[in-house]
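Reader: I am new to this structure and would like to learn how to read its sheets, its overall form and one of its pockets. Could you please take me through them in turn?

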Amino acid sequence: MTNTITELGDASTILAIGTNTTEAHPIAALQVKDAVRKGANLIVANPKEIDLCRFATVFLQHKPGTDVALLMGMMRVILEEGLEDKTFIKDRCEDFETFEKSLEAFDLDTVEKLTGVSQDKIIKAARIYATQTPSSTIYCMGITQHVHGTDNVLAISNLALLTGNIGKPSTGVNPLRGQNNVQGACDVGCLPNVYPGYQQVTSPDAKTKFESAWDAELSDKPGQTHTEIFDALLDGSIKSLYLVGENPVLSEANANHAIEAMEKADFMVVQDIFLTETAELADVILPGTAFAEKDGTFTNTERRVQRVRKAVDPVGEAKPDWWIACELAKRLKGKGFDFTNSSEIMEEMRSVMPAYKGISYSRLEKGGLQWPCLSDDHPGTPFLHVEKFGTASGKGIFKPLVYKKSGEETDQEYPLLLTTDRSLFHYHSTMTRRVYGLNVLGKEELLNIHPEDAAQLEIADDQKVRVTSRRGVVDVKVSITDKCLPGTVSMSFHFSETPTNLLTCCELDPVAKTPGTKVCAVKIETL
């Protein structure tokens with residue numbers, strides 16, 4: 001997030017696009033509701049009528065996969081009506097002219113046809129976002145899990161730049177990250193193209209820096225992404241897999257593909273806190289510790305680093321993940337793994353990550369700090385890009401965009417679009433499905449389908465049906481609801497009994513390599 005969760009409560013306008021916030025991020029949703037109570041406008045853009053729509057000023061129910069068209073249409077309205085922030089564009093941005101020309105393809109007749117959203121609603125949303133400021137955008141995997149997910153995010157960035165809604169309180173481009181520490185994992189280099197602190201693997205200076213810090217010879221070639229690793233297992237270019245805290249049997253797009261890849265691996269290690277469906281496939285299982293059994297830090301979606309303190313002893317032979325990694329490295333003759341506690345690891349992080357330089361365990365005893373935190377007396381950074389952007393020129397860069405179809409489309413055999421969403425009561429499955437009370441509240445998977453489609457298929461509420469895609473088959477109960485668009489159905493993916501990701505699409509965004517799980521063509525048959 002460029003900004004802070006609490007700042008949402010003081011925004012004058014909030015655009016929530018591709019996020020079912022009350023279900024997936026309920027604490028952030030409280031701030032959105034608080035803003036509405038104070039008189040803020042809420043624009044919800046989602047293919048499904050979500051709970052947040054009860055508070056919305058405008059609800060844009062666009063077809064799955066048409067986010068770029070919707071956002072570019074809004075920006076064309078803003079420019080045609082002269083509502084852009086001309087001073088901000090002139091002083092803080094570049095490449096505006098090429099972006100402006102790309103808007104010519106997004107006249108409102110075209111945008112309405114592509115998205116299914118009326119022109120009146122698009123115009124209303126555009127005017128509100130541009131004039132009722134400060135305006136903040138929040139988004140989640142409804143934006144990123146597309147074959148054009150990168151373009152979706154660039155469109156959100158363009159909108160913020162066009163209206164000057166960035167670099168100020170209660171504005172910004174604010175992704176709501178999935179797990180509690182996924183931001184921290186990225187920060188410390190759990191990405192194939194960067195060292196800790198987002199320092200590029202391809203940079204000679206970064207390579208030299210980390211070779212010196214770690215006393216090791218390093219590659220200057222980016223590695224492979226999560227999804228690409230499964231392809232490499234299948235073609236034999238990767239032989240072994242060490243998988244930590246992930247359950248791709250349930251969570252991976254086109255799960256049959258991932259299962260086949262893991263079964264082909266010569267050797268597979270799974271490190272987790274439970275015997276997951278994926279761990280069942282492993283040659284070796286290493287028992288890790290849960291959050292309350294270890295010391296460390298979590299970095300949340302707003303870049304806030306917070307301490308985690310051991311409250312109970314680990315169960316059985318379970319060990320902290322860092323300890324397991326260090327012991328394995330030492331057995332493989334690795335150097336620099338002689339840590340005795342997690343605070344020593346934080347000290348190394350501070351020494352090589354400029355954004356974390358001022359973050360220490362002693363300072364975190366007084367509360368969390370948001371990076372960048374550049375020195376021991378730096379207060380942290382609630383919102384980014386106040387004076388300049390993190391580009392070579394220091395200016396925000398507009399990106400021209402074109403509309404691209406989703407990786408998968410319906411046809412006569414597969415006439416419906418499946419999109420995935422989340423339940424308030426479950427995250428993936430590894431932990432929440434083992435909690436009795438949560439299983440009472442969210443006990444089974446349901447296929448949400450519009451009454452028109454249900455009538456055409458002659459199916460009823462609670463009836464069990466078979467859902468088939470070009471990749472897999474799942475049997476599931478039906479829930480008839482007008483919250484879905486006609487022609488669109490939705491399911492979550494929390495239940496091993498009905499593994500939704502056997503169905504989903506695995507075509508990748510060419511930049512981020514994220515699979516397009518939000519758009520999947522299916523057919524439904526009665527059992």
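Reader: Which order do the strands have in the open sheet with antiparallel pairing?

Author: Strands (E, at least two residues) and helices (H or I, at least four residues) are DSSP runs, numbered from the N terminus, and two strands pair if DSSP finds at least two bridges between them. In this predicted model, an open sheet of 3 strands follows the order β12-β13-β14, with antiparallel pairing. At the edges stand β12 (296-299) and β14 (369-370), each with a single partner strand, so one side of each is left without a neighbour in the sheet. Between β12 and β13 (residues 304-308) there are 4 bridges in the antiparallel sense, and Thr 299 stands opposite Val 305 in β13.

Reader: What should I know about numbering and confidence before going on?

Author: Residues are numbered from 1 along each chain as its sequence is written. Because this is a predicted model, local features need pLDDT of at least 70 and side-chain atom pairs count only at pLDDT 80 or more, while totals for chains, interfaces and linings use all residues, and side-chain values use heavy atoms, with hydrogens and water left out.

Reader: Which strands make up the open sheet with parallel pairing?

Author: That sheet of 3 strands has the order β9-β10-β11, and its edge strands, β9 (240-244) and β11 (284-287), each pair on one side only. Strand β10 (residues 267-272) is joined to β11 by 4 bridges, with Val 270 opposite Ile 285 in β11.

Reader: How many helices and strands does the chain have?

Author: The chain has 19 helices and 21 strands. Its radius of gyration (taken over C-alpha atoms) is 24 Å, close to the 24 Å that the globule rule (2.2 Å times the number of residues to the power 0.38) gives for 527 residues, so the chain is as compact as a globular protein of that length. Along its principal axes, the C-alpha trace spans about 65 × 60 × 45 Å.

Reader: What is the volume of the second largest pocket, and which residues lie closest to its centre?

Author: Rolling a probe the size of a water molecule over the atoms shows where empty space is left. A pocket is an open set of points on a 1 Å grid over the protein atoms alone, where a 1.4 Å probe fits, with protein on both sides within 12 Å along at least five of seven lines, and lining residues have an atom within 4 Å of a point. Here the second largest pocket has a volume (the space filled by probe spheres set on the points, which are joined across faces, edges and corners) of about 590 Å³. Of its 27 lining residues, Glu 23, Lys 48, Arg 422, Ser 423 and Asn 448 are the closest to its centre.
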